[in-house]
Structure formats: structure tokens, C-alpha cells
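Colleague: I would like to learn how to read a protein model. Can we take it step by step?

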Amino acid sequence: MFAVYVFCAIAGGGLLVFSLLFGGDGDGGDVDLGTDVDVDVGADFDLDADHGGFSGTFAEFFSLRSLIFFAAFFGIAGLILDGIGVSPAVTVPLAIGIGILCAYLNLMAFHYLKRTESGAHRSAREAEGCEAKVVLPITRDRRGKVHATVRGETLPLIARPFDPERDGQFLVGGRVVVVKVEDGVALVSHLET
């Protein structure tokens, strides 16, 4: 079991440190995997489904961020308990429990930040009326991504057309205006020049 603890502590802890050091850049730690999917390692998955209630929290518990927290703290707790001589019959369930608790606390912290006026959601609302550049194409049927400049900082936002009938599509490099932000998604329109 010692090798499992070491692997989880190094892999999970390494990814956790990497996300702490590089996940908060102006880019938000996004990994763009194409026009369909935008995976935000430091935040949440962008899906067209309802994330509320117990099923949403349960699904988010198995997100990459939560799994990284579980692995890191499971490994660290296992190494500490094993190092001080606690029996394996106690170490394994205790390390699992600590990993689950830390992943849960992380999930609740992010839920709190989403509900309050802190973090990127406040900045996202401040992007209303700002000019933005399209970095992933936006169509009537598919969300894309824009980079808005808010108080001199670049803010990445998932985006969709404000008026899908009038604003058909937005190509990469195009300039748009953020008309409104709803649930962290920027509703954009063509920039009138």
C-alpha cells in the first residue's frame, strides 16, 4: 500500500501545486479541447445540463479537481499514518476518509465562491458592455469563448449569441461586445463600428 500512497501523494500533490501556481493566471487555467468542450481545470465543466441539487453535487464530486484533491490528501494521509506506525487496517480507511473529506471541503468552497460576490463571477458581470475578442468560434447552436478586457485584465468567458436569430456566428479573432452575463456565460453581439 505504501507505493499507492507515494504515487497518489506525488501525482495528486504535484497536480494540486501546479494548479495553485499556474491555474490562477489571466487565462483561468483553461484547457481548450476544441469548439465543443471547454474544460476549466480550476473551476467546473461547461455543460448544458442542470447542475443543481444532490445529483449535480454528486457529479461534481467526481470532477478532475475533486479527484486531484482526493488523491493528494489520501496519499499524504496514508504516508503520515503509515510512517507513525498505524496498522494498515486503520490506515487505509482513515486515508480514504481524509481524502474524501478534503475533496468535499474543496467542492463546498467552490460552491460558496460561486454563490457569493467573490471571484470571477463578479468580474464576469463587470464585463457587461466591454469589448471582447472571440477565441473559440460561436454559432447559434454552439457556445464558444471570448476574452474580455475588464479593468486592464483579460477575462476568459464562455459565450453564446445574445440574439441567435440576428447574430448568426462569430469567427475566431472577431470583435464583439458583451451585452449581458447570465450564470457566468457572456451573451455577445456584433460590435457596431
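Modeller: What follows is a set of short questions and answers on this predicted model.

Colleague: How many helices and strands does the protein chain have?

Modeller: Follow the sequence, and the pattern reads α-β-β-α-α-α-α-β-β-β-β-β. The elements of the protein chain are five helices and seven strands.

Colleague: What is the mean pLDDT of the protein chain?

Modeller: Confidence varies along this predicted model. Over residues 24-55 the pLDDT is below 50. That stretch still has 50 contacts in the model, beyond near neighbours in sequence. In the protein chain, 75% of residues reach 70 or more, and the mean is 76.

Colleague: How far apart are the end C-alpha atoms of helix α1?

Modeller: Helix α1 covers residues 2-22, which is 21 residues. At 1.5 Å a residue, the helix should span 30 Å. The model agrees, because the end C-alpha atoms are apart by 29 Å.

Colleague: Which residues of α1 are buried?

Modeller: Buried means under 20% relative accessible area. Look on the opposite side to begin with: the face turned away carries the exposed residues A3, F7, I10 and L21. The buried residues of α1 are Y5, C8, A9, G12, G13 and L16.

Colleague: Why do the buried residues of α1 line one face of the helix?

Modeller: Look down the axis of α1. The buried residues line one face because they fall within an arc of 105°.

Colleague: Is N106 buried or exposed?

Modeller: N106 lies in helix α4, residues 88-115. Leaving out residues up to four places away in sequence, N106 touches R65, S66 and F69. Its relative accessible area is 6%, and the cut-off is under 20%, so N106 is buried.

Colleague: How far apart in space are I100 and L67, C-alpha to C-alpha?

Modeller: I100 is also in helix α4. At 40% relative accessibility, I100 counts as partly exposed. I100 and L67 are 33 residues apart in sequence. In space, C-alpha to C-alpha, they are apart by 9.0 Å.

Colleague: Which residues of the largest nonpolar core touch the most other members?

Modeller: This core has 18 residues. The strands β3, β4, β5, β6 and β7 each supply at least two of them. The residues that touch the most other members are I138, V146, A148, L157, V176, V178 and V188.

Colleague: Which residues does V178 touch, not counting those up to four places away in sequence?

Modeller: V178 is one of the core residues that touch the most other members. Leave out residues up to four places away in sequence. Then V178 touches A127, E128, G129, C130, A132, A148, A186, L187 and V188.

Colleague: How many residues are in the other core?

Modeller: The other core lies apart from the largest one. Its members include Y5, A71, A77 and A95. Its residues number six.

Colleague: How many residues of β7 are buried?

Modeller: β7 has six residues. The strand is mostly covered, and its buried residues number five.

Colleague: How many bridges join β6 to β7?

Modeller: β7 pairs with β5 in the parallel sense, over four bridges. There, R160 has L187 as its bridge partner. β6 and β7 run antiparallel, and K180 stands opposite L187. The bridges joining β6 to β7 number six.

Colleague: Which residue in the turn between β6 and β7 has a positive phi?

Modeller: β6 and β7 form a hairpin with two residues between them. One residue in the turn has a positive phi of about 50°, and this is D183.

Notes. Residues numbered from 1 in each chain as written. Predicted model: local features only at pLDDT ≥ 70, side-chain atom pairs only at ≥ 80, totals over all residues. Heavy atoms only, no water. Expected span 1.5 Å × (residues − 1). Buried < 20%, exposed > 50% of the residue type's maximum accessible area, 1.4 Å probe, protein only. Arc of directions from axis to C-beta. Core = buried A, V, L, I, M, F, W, Y, C linked by side-chain atoms within 4.5 Å. Contact = heavy atoms within 4.5 Å. pLDDT = per-residue confidence, 0-100. Pairing = 2+ DSSP bridges.
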